[in-house]
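Open the model in your viewer and keep the selection box handy. We will go stop by stop, with a note on what to look for at each one.

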Amino acid sequence: MNATAQLAAYLRETRLLGASMRLLEWDQETLMPRGGAESRAHQQGTLAALIHQHYTDPELGELLRTLREQLDVAELLTAVREQAHARALERLRQDELVDRA
């Protein structure tokens with residue numbers, strides 16, 4: 001798996017952990033039984049620790065360093081501009097051909 005795919009998978013896991021935390025928080029405010037506070041505090045604490053570990057994991061730092069070295073933003077912007085220009089020209093040509101038909 002390349003670095004971009006690894007980062008996407010890593011961030012997907014982190015988003016899912018965050019979504020789980022928000023669900024626990026919502027449930028605490030709306031449906032949690034009166035006696036569930038202590039258990040919920042342990043659940044949220046464990047999940048908060050996992051989220052923190054995800055964001056501070058040395059593997060994530062290394063992955064970000066690798067991607068920073070691999071990606072040339074100027075080159076990428078040039079490629080995007082060139083593609084957008086080519087697309088605009090092609091759309092004009094197509095419109096001219098459609099108008100003539």
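Throughout this tour, contact means that heavy atoms lie within 4.5 Å. Keep in mind, too, that this is a predicted model.

**Stop 1: colour by confidence.** The chain has a mean pLDDT of 85, with 91% of its residues at 70 or more. Among its elements, H2 has the highest mean pLDDT (92), while helix H4 (residues 73–100) has the lowest (74).

**Stop 2: select Tyr10.** Setting aside residues up to four places away in sequence, Tyr10 touches Gln53, His54, Asp57 and Leu60. Now add Ala3, Leu7, Leu60, Leu63 and Leu67 to the selection: together with Tyr10 they form the largest nonpolar core, which has six residues. Helices H1 and H3 each supply at least two residues of this core. Apart from it you can find another core, of five residues, including Leu17, Leu24, Leu47 and Ile51.

**Stop 3: select His54.** Is this residue of helix H2 buried or exposed? His54 has 13% relative accessibility, and because the limit for buried is under 20%, His54 counts as buried. Beyond its neighbours within four places in sequence, His54 is in contact with Tyr10, Glu13, Thr14, Leu17 and Leu60.

**Stop 4: select residues 58–70.** This is helix H3, with 13 residues. At 1.5 Å a residue H3 should span 18 Å, and its end C-alpha atoms are indeed 18 Å apart, so the two agree. Show the side chains of Leu60, Leu63 and Leu67, which are buried. Turn the view to look down the axis of H3: its buried residues fall within an arc of 60 degrees, so they line one face of the helix. The reason for such a pattern is simple: an α-helix has 3.6 residues a turn, so residues three or four places apart point the same way. The buried residues of H3 pack against helix H1 (3–30) and helix H2 (37–56). On the other side of H3 you will find Pro58, Arg68 and Glu69 exposed.

Before leaving, zoom in on the start of H3. There, a side-chain oxygen of Asp57 comes within 2.9 Å of the backbone nitrogen of Glu59. Asp57 is also among the residues that Tyr10 touches.

**Stop 5: select Leu23.** Leu23 sits in helix H1. With a relative accessible area of 52%, Leu23 is exposed. As a last step, draw a distance from Leu23 to Tyr55: their C-alpha atoms are separated by 20 Å, and the two residues are 32 residues apart along the chain.

Methods
Residues are numbered from 1 along each chain as its sequence is written. This is a predicted model: local features need pLDDT of at least 70, side-chain atom pairs count only at pLDDT 80 or more; totals for chains, interfaces and linings use all residues. Side-chain values use heavy atoms; hydrogens and water are left out. Helices (H or I, at least four residues) and strands (E, at least two) are DSSP runs, numbered from the N terminus. The expected span of a helix is 1.5 Å times one less than its number of residues. Buried means under 20% relative accessible area, exposed over 50%, partly exposed in between (1.4 Å probe, protein chains only). The arc is that of the directions from the helix axis to the C-beta atoms. A polar contact is a pair of N or O atoms within 3.5 Å; within protein, one must be able to donate a hydrogen and the other to accept it, and residues adjacent in sequence count only if both atoms are side-chain atoms. pLDDT is the predictor's confidence in each residue, from 0 to 100. A nonpolar core is a set of buried Ala, Val, Leu, Ile, Met, Phe, Trp, Tyr and Cys residues joined through side-chain atoms within 4.5 Å.
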